[in-house]
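Colleague: I should be grateful for a close look at one part of this model, the lining of its pockets. Please set it in the context of the chain as a whole.

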Amino acid sequence: YESSPVDVVRDAARLTGGEPRVFYAPLVATDAEAARVIRAQTAVAGTLDEARHCSLALVGIGGWSEGESTLYDLATEDERDELERLEVVGEIAGSLFNTDGEPVESGLSARLVSMSPRDLRLITEVVAVSHGAARAEALRAGIKGGYVTSAVVDTELARALLGAPADASTSPPPRWPGSWPRGPRAGRRRSAARRRPPARNRVSR
């Protein structure tokens, strides 16, 4: 099953009983003036204004390197150099930020057709969906800057965020007391496990 972003918006609206708001425009305009004209169009301006009042946003997060962000791939070499000097590490919905999570304004920012960092921070719940260890720094900064309240990540990115070794994925997950199976037999299994000493202890005795 393949779907476009427009399909996702319409499906989400149908499932939640909401009204979809969609506009067609490039993420990055050719220059600042073109971006200003596009943002002033009724459909674009209205949708971006509505987005500020969302209670929940589902966003992607991009790391500031080749292949890790659509925005990075659309930027010019001069813009990339400028943003590297400004210590940009990532972007969310077109909002660029540095290692401290502070918003960064640049020549590229003026060409964007997207929400402003200030408006993104107005949304009550922002769930970032991301993957890959390369985006750990960007996600940390996004959380620190107040852009992200929750995150859905893959195992690789989760381990990078927690500082776990790369080969830790080959080890079985720990069984904490709270992770035991629940159900009518769970209590008996847990009690039996507690009463029965490990096999190596029985042998040593």
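Modeller: When a lining is described by class, Ala, Val, Leu, Ile, Met, Phe, Trp, Tyr, Cys and Pro count as nonpolar, Asp, Glu, Lys and Arg count as charged, and the others, Gly among them, count as polar. The model is predicted, and local features are accepted only at pLDDT of at least 70, side-chain atom pairs only at pLDDT 80 or more, whereas totals for chains, interfaces and linings use all residues. Residues are numbered from 1 along each chain as its sequence is written, and side-chain values use heavy atoms, with hydrogens and water left out.

The protein chain contains eleven helices and six strands; these are DSSP runs numbered from the N terminus, helices being H or I with at least four residues and strands E with at least two. Of its 205 residues, 31% are buried, where buried means under 20% relative accessible area, exposed means over 50%, and partly exposed lies in between (1.4 Å probe, protein chains only).

A pocket is an open set of points, on a 1 Å grid over the protein atoms alone, where a 1.4 Å probe fits and where protein lies on both sides within 12 Å along at least five of seven lines; lining residues have an atom within 4 Å of a point. A volume is the space filled by probe spheres set on the points, which are joined across faces, edges and corners.

The largest pocket has a volume of about 1,900 Å³. It is lined by 44 residues, and those closest to its centre are P5, V9, R21, L58 and V59. Two or more lining residues come from each of α1 (5–16), α3 (42–52), β1 (56–60) and α4 (70–74). The largest share, seven residues, belongs to α1. By class, the lining of the largest pocket holds 28 nonpolar, ten polar and six charged residues.

The second largest pocket encloses about 270 Å³. Its lining has 18 residues, with R39, S114, M115, S116 and P117 closest to the centre. The elements giving two or more residues here are α3, β4, α6 (107–110) and α7 (117–122). Helix α3 supplies the largest share of this lining, four residues. The classes in the second largest pocket are eight nonpolar, five polar and five charged residues.

Some features outside these lists complete the picture. Strand β4 (95–98) follows a loop that contains A93, a residue with a positive phi of about 50° although it is not a glycine. A93 is partly exposed, at 35% relative accessibility. In the loop between α5 (77–85) and β3 (88–92) lies E87, whose phi is also positive, near 60°. Most residues other than glycine have a negative phi.

R135 sits in the loop between β5 (125–130) and α8 (136–144). With a relative accessible area of 13%, R135 is buried. Its side chain reaches the backbone oxygen of I61 at 3.3 Å. Leaving aside residues up to four places away in sequence, R135 touches I61, G63, G67, E68, S130 and L157, a contact being heavy atoms within 4.5 Å. In α8 itself, A136, A138, L139, A141 and G142 are buried. The buried residues of α8 pack against β2 (62–63), β3, β4, β5, β6 (150–153) and α9 (155–162). Thus β4 is among the elements packed against α8 and also among those lining the second largest pocket.

How values were computed. A polar contact is a pair of N or O atoms within 3.5 Å; within protein, one must be able to donate a hydrogen and the other to accept it, and residues adjacent in sequence count only if both atoms are side-chain atoms.
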